[in-house]
Every structure is written in C-alpha cells, then in structure tokens.
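Work through the exercises below with the sequence and the structure at hand, and try each task before you read its solution.

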Amino acid sequence: MAAKIMIVEDEPAIQELITYNLHQTGYGTICAEDAETATILINNALPDLVLLDWMLPKMSGIEFARLLRRDERTKLIPIIMLTARTEESDKIQGLEIGADDYITKPFSPRELVARINAVLRRRSPEVSSEVVAIDDLRLDPTNHRVSVGSNIIELGPTEFRLLHFMMTHTERVYSRGQLLDRVWGDHIFVEERTVDVHIRRLRKALQSVGKDNLIQTVRGSGYRFSTEFADNQHYIKSDKTD
Ligand code: CA
C-alpha cells in the first residue's frame, strides 16, 4: 500500500513541488495550507506521515505538532518539520516536541524523499515495500504476494494490509479502533465489527497453510499477531467478555 503523506504548507509553489516529487516516488498526498484544514483532514483519515511547515498562518507548525503529539489518536504519526530557520535552537525545539526529523529550506526533492523513506522505514514498516518474513510465512509488498514455502496464499487487499500491519507489529494487542486507524486509516465511517469480518477472512486464508493460530483474539481487548502464543491460545487471559 502506498503511504499517504500529508503536506501542511501555505506556499503553493513548495506544496506543488513536494506533491509532484512524492507522486513520482509512488506516495499518495493530501495537502492543507494551515493547521485548521489539516485537523479536519486528519479527523477524517490518518495520514502515514505529516510534512509540517514551521511558519504557517495562524497556528504555527510547532504548535500544531505539539497538538498532534498530545492527542491519543495522532500522537504516533511520524512528523517531519520543514523550515527556513537554521538556528540550532529551533532545530532542538522541533525535535523536543517529538518531530521525527527536520529539513531546512531550500532542500532537494531527493533529500526530502530519502528522509521520508527513512522515517517510514523506522516508524511505519507496514507501509514500507520491504519483504516481511516470520518463520516461513513471507509477505512481499511489491507484488502483493503472501506465501508459505511454495504455497501462495490468496488474500483480498484489506486482508493483505491487515496481515502486513500485524506482521510488522507482532506480540502486541491492538484494539479494533486502533486497527481501523492503522490499517483502514479511518475510524469514523467504518464500524468496528468490520475488523472482525476481515480478521475472519484472513484466518480462513491462513488456515489453508496451518498458520491461522498466529492471529489471536484477546477477549475484551482486540487482536494480536504472535508466534509465541500460537501454540497455547487457551492460556490467554480474559478480563472481560466482548
Ligand atoms: Ca510557510
């Protein structure tokens, strides 16, 4: 799945230049000219990364970054600050509020793309194009192929994204709401039970190669992808019922 990059930048020429270069690289883009518009767009769907200009009309980029970091739903979105300011203290301030990286204008599009790739690789491996392998289960994002040995597993696009996310975030429980945010990018227009439907389909597909027990239901909490618990699912504790 191509990562969606949000560009928050009030200068049309720079917005255009970045958009063009990101599209060339295969990324999707969403543009906002100020923090207010960005907030509305983020409420609809979470981007995979935010490129955030420091000098914006009304609310500054740094204030907006602070708001994103404070909100439970947006605190993990990777942020790269764009700025014309070269002061060391500004750079430190940017990194202190939790920006993942910092780029000084003017920058080369190649450098920008390289920085985005690096941040995504580190922070959001589920949107990277690198092959993920767990034991003999292998997922290749470039050709959308999932296999176990020589067996190819047929998956729909949503099941593929779900498996990609889970294989890159193992041994942790994700609630249905978190999965909607991270896999669908949208938690408003999709019902939580949609997650259950796709988990069921994914398990069914994995069952054909005996891998369905890698995806575990943690009652009252959500789902977990784990090789550790795969053999003893009945030991999973439940504090409350669904
Ligand atoms: Ca600006």
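**Exercise 1.** Find Gln 15, and state which helix holds Gln 15 and whether the residue is buried or exposed.

*Solution.* Begin with the helix: Gln 15 is found in helix H1, residues 12-25, where helices (H or I, at least four residues) and strands (E, at least two) are DSSP runs, numbered from the N terminus. This is a predicted model, in which local features need pLDDT of at least 70 and side-chain atom pairs count only at pLDDT 80 or more, while totals for chains, interfaces and linings use all residues. Residues are numbered from 1 along each chain as its sequence is written, and side-chain values use heavy atoms, with hydrogens and water left out. Next, take the relative accessible area of Gln 15, which is 18%; the residue therefore counts as buried, since buried means under 20% relative accessible area, exposed over 50% and partly exposed in between (1.4 Å probe, protein chains only). Finally, setting aside neighbours within four places in sequence, Gln 15 is in contact (heavy atoms within 4.5 Å) with Ile 7, Glu 9, Cys 31, Ala 32 and Glu 33.

**Exercise 2.** Describe the surroundings of Leu 137, starting from its strand.

*Solution.* Leu 137 belongs to strand E7, which covers residues 137-140, and with a relative accessible area of 0% Leu 137 is buried. Now look along the chain to Ser 147, ten residues apart from Leu 137: the two C-alpha atoms are separated by 5.9 Å. Beyond the neighbours within four places in sequence, the contacts of Leu 137 include Val 132, Val 146, Ser 147, Ile 153, Met 167 and Phe 225.

**Exercise 3.** Which residues coordinate the calcium ion, and how are the donor residues spaced in sequence?

*Solution.* Donors are N, O and S atoms within 2.8 Å of the metal (3.2 Å for Na, K and Ca), and water is not among the atoms, so sites may look incomplete. With that in mind, the calcium ion is coordinated by Asp 10 (OD), Glu 11 (OE), Asp 53 (OD) and Met 55 (O), at 2.1 to 3.0 Å. Written as a pattern, the donor residues follow the spacing D-E-x41-D-x1-M. As a last step, check Asp 53, which is buried at a relative accessible area of 2%.

**Exercise 4.** How many aromatic pairs does the structure hold, and what is the geometry of each?

*Solution.* The structure holds two aromatic pairs, where rings of Phe, Tyr and Trp (its six-membered ring) pair if their centres lie within 6.5 Å, and planes under 30 degrees apart count as stacked, over 60 as edge-to-face and the rest as tilted. One of them joins Trp 54 and Tyr 102, edge-to-face, at 6.5 Å centre to centre with 80 degrees between the planes. Trp 54 lies in the loop between strand E3 (49-53) and helix H3 (61-70), and Tyr 102 lies in strand E5 (residues 101-104), so the pair ties together parts that are 48 residues apart in sequence. Both Trp 54 and Tyr 102 are buried. Phe 165 and Tyr 174 also form an edge-to-face pair, with 4.9 Å centre to centre and 75 degrees between the planes. Phe 165 is buried, with a relative accessible area of 0%, and Tyr 174 counts as buried at 5%.
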